[in-house]
Amino acid sequence: MAATLERESPFDPGVAGSPPGRTGGKLLPLSATAGGCLEPPRGEDLGSRAFEEAPNGIVVTDVDGRVIGANAAFYAAVSLDRAELAGRNLWELVTDRQGGDPSSVAEASLARAGRWAGPVWLLQERGPRRGSWLTISVVEGRGAQPPRRVAVWTDLVSPHDRARELEQLAFYDPVTGLPNRTLFQDRLLQAIHRARRSGQPLAVFFLDLDGFKRVNDALGHRVGDLLMAEVGRRLASGLRASDTVARIGGDEFSVVLPDVEPADAALVARKMLAAVAAPFQYGPQKVAVSASIGIAVFPADAESPDELLALADEAMYESKGRGPDGYRFYSRTMHARSLAQLRLECDLRRALEDGCLNLHYQPQLDVRTGRIAAVEALVRWHHPRLGTLPPARFLPIAREAGLLAHLGDWVMRRAFGRARAWRDAGGPPLRMAVNVSAEQLGLPDAVDRVAAALIDSRLEPRFAELEITESVAMANPERTAETLMDLRALGVRVAIDDFGTGYSSLSYLQRFPLGALKVDRTFVQGVDGDPDAASIVSIIVALARKLGLEVVAEGVETRGQLDVLVRAGCDLVQGFLLGRPIPEVPLRALLASGSQNAPPPSAPNPSPR
Ligand code: C2E
Ligand code: MG
Ligand code: MG
């Protein structure tokens, strides 16, 4: 049964601005001004003082949970002032133990019995969540007055717990509950002292998640935190009591394993990688991440905690450079190499600023007309000491240095700008294809950047094509689908590059608004002689036909391959046979001559579009 408010409620907006003294004798002496801000209590009656000075937080809301008034204890608990709290919904301020929303359970009870009580975690604006007990009662208004809710909040944290809470804050990571960097360094120092006495080696791991930023950007920080907590739990569950695992940075964990031989450390590293790699399920969403681990060993590599951690960090970078989901022990030669790597990173930064990158262009021939229908822009770096470097040599460095999005923007603007300039100079209409990295496609403003590059270069969108690999597309297919829809709306064509080497979900392929599939070079290489490779190409062509896509065969090197590909029904062909990637000047000469360096294919095929 809902309680009834005996007297006229001062929370009623109707009494806002009533003169001092008029509220005397009322039970709950707060009022809301017309603007929604909360006024201090008026009058010196017992009720107002009891309300205002009650040790428990008291908050009055309307029937939808919107805050009308509260007492000092509640403001202090949520670290919000009157103006900040006014109009907020009570359910925005609390969670259940797992961080979920307790409102549906509570609302059901309030509707049924006019009362609900249960444990909640109060979200403090400036501090950690606080375990609390909340009791809410519906208070019926008299006459025409609307009903209200009175919520009484009790802090469940005792002084003893508060001391523990402070210790927790100082030494533990709030997201995972694991030791933080400070506590880890202390534990590592103690472990080193013990290892020195016992003569047993000790291993320090530096673990960093691969591509975690993408998860955070795509799914939001809340899922990012949940995932981080689960990673922490999985890492800790595989360790002995004497081992320490800590979260020491955004997506970085460290582990100290006392009394361990390197072979055992490798075993533990493999176990940890497997634990992280198992997919995480968040509602309907499955998220897969991996990690890279670097390992340094006491006393062989270093003897101080800082040095051991720094070397393990270096080894982690080395491992990441070789691809995700791996581990590596620190070694001296690696140290020398990573310095060289660092130097290269600086050079690349400068090259981007000074315009020392450039593009080569590789023609794509239309099988029906035998003419160049498109070119693919491929980035090159003319390094002052090392000469011309291929993308495979410097794109991983750009990735590590966080330069890929910047580099991608540069490539797009440069390529689109050149395509426009060639047309303006009387060249034939030509599609310009650029390769797009995961880092570029994952940017929140990825589509805006493409649009800006098109606008600035004045290239019509139908002459622009973006190539993305299957792994880039499938990393977050829902998000990819949205981005591709926006790109299609812009009028830009998207092709799946290196098709057949990754894992594409057919249902997503169908949903993605694509223009073309580019058959990977590995299949093309075998088509002339290997029946399996030839059937794979035929299957890809059949699939593309069903999906209404064009097929581009890349890496065509021989006349024999070309004939098979044309017979299989490919629409466009690209490869050394038809033209290597070349700089702008020779390409323009080639375009001007209207020729290509391979004879037109013998068996023309109808195009799907
Ligand atoms: P991709 O997009 O699949 O580009 C085709 C690669 O195959 C190019 O290598 C090209 O030179 C090579 N190729 C073309 N025809 C043949 C052939 O007949 N035989 C052989 N053996 N190779 C052939 P490149 O220029 O070294 O580029 C390698 C990869 O680097 C590209 O593969 C692409 O994934 C990436 N890449 C290149 N430029 C960019 C860029 O501007 N941005 C991004 N994100 N990635 C790029
Ligand atoms: Mg490509
Ligand atoms: Mg390719």
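**Exercise 1.** Identify the residue that bridges the magnesium ion (ligand 3) and the magnesium ion (ligand 2), and state how far apart the two ions lie.

*Solution.* The bridging residue is Asp-497, and the two ions that it joins lie 4.0 Å apart. The model is predicted, so local features need pLDDT of at least 70 and side-chain atom pairs pLDDT 80 or more, while totals for chains, interfaces and linings use all residues. Residues are numbered from 1 along each chain, chains are lettered from A and ligands numbered from 1 in written order, and side-chain values use heavy atoms, without hydrogens and water.

**Exercise 2.** List the protein donors of the magnesium ion (ligand 3), and work out which parts of the chain they connect.

*Solution.* Begin with the contacts: Asp-497 (OD), Asp-498 (OD) and Glu-554, which is listed twice through OE, lie 2.0 to 2.5 Å from the magnesium ion (ligand 3). Donors here are N, O and S atoms within 2.8 Å of the metal (3.2 Å for Na, K and Ca), and sites may look incomplete because water is not among the atoms. Next, read the donors along the chain, where they follow the spacing D-D-x55-E. Asp-498 belongs to strand β22 (residues 493-499) and Glu-554 to strand β24 (residues 550-554), so this pair ties together parts that are 56 residues apart in sequence. Strands are DSSP runs of E with at least two residues, and helices are runs of H or I with at least four, numbered from the N terminus. Finally, compare accessibility: Asp-498 counts as partly exposed because its relative accessibility is 25%, whereas Glu-554, at 11%, is buried. Buried means under 20% relative accessible area and exposed over 50%, with partly exposed in between (1.4 Å probe, protein chains only).

**Exercise 3.** Describe the coordination of the magnesium ion (ligand 2), and decide whether Asn-435 and Glu-467 are buried or partly exposed.

*Solution.* The magnesium ion (ligand 2) is held by Glu-376 (OE), Asn-435 (OD1), Glu-467 (OE) and Asp-497 (OD), at 1.9 to 2.2 Å. Along the sequence these donor residues are spaced E-x58-N-x31-E-x29-D. Distant parts of the chain are linked here by a pair of donors that are 32 residues apart, with Asn-435 in strand β20 (residues 431-435) and Glu-467 in strand β21 (residues 464-469). With a relative accessibility of 30%, Asn-435 counts as partly exposed, while Glu-467 is buried at 1%.

**Exercise 4.** Determine how many cavities of 30 Å³ or more the structure holds, and characterise their linings.

*Solution.* There are 2 such cavities, a cavity being a set of points on a 1 Å grid over the protein atoms alone where a 1.4 Å probe fits but cannot get out, with lining residues having an atom within 4 Å of a point. The largest cavity has a volume of about 90 Å³. It is lined by 13 residues, of which Val-436, Gln-440, Leu-441, Ala-446 and Val-450 are the closest to its centre. Two or more lining residues come from each of α13 (404-424), α14 (438-441), α15 (446-457) and α17 (477-490), and α15 gives the most, with 4 residues. Turning to the second largest cavity, its volume is about 30 Å³, and the residues that line it are Thr-61, Gly-65, Leu-90, Trp-91, Ile-136 and Arg-149.

Technical notes: On a 1 Å grid over the protein atoms alone, a cavity is a set of points where a 1.4 Å probe fits but cannot get out, and a pocket is an open set with protein on both sides within 12 Å along at least five of seven lines; lining residues have an atom within 4 Å of a point. Grid points are joined across faces, edges and corners, and a volume is the space filled by probe spheres set on the points.
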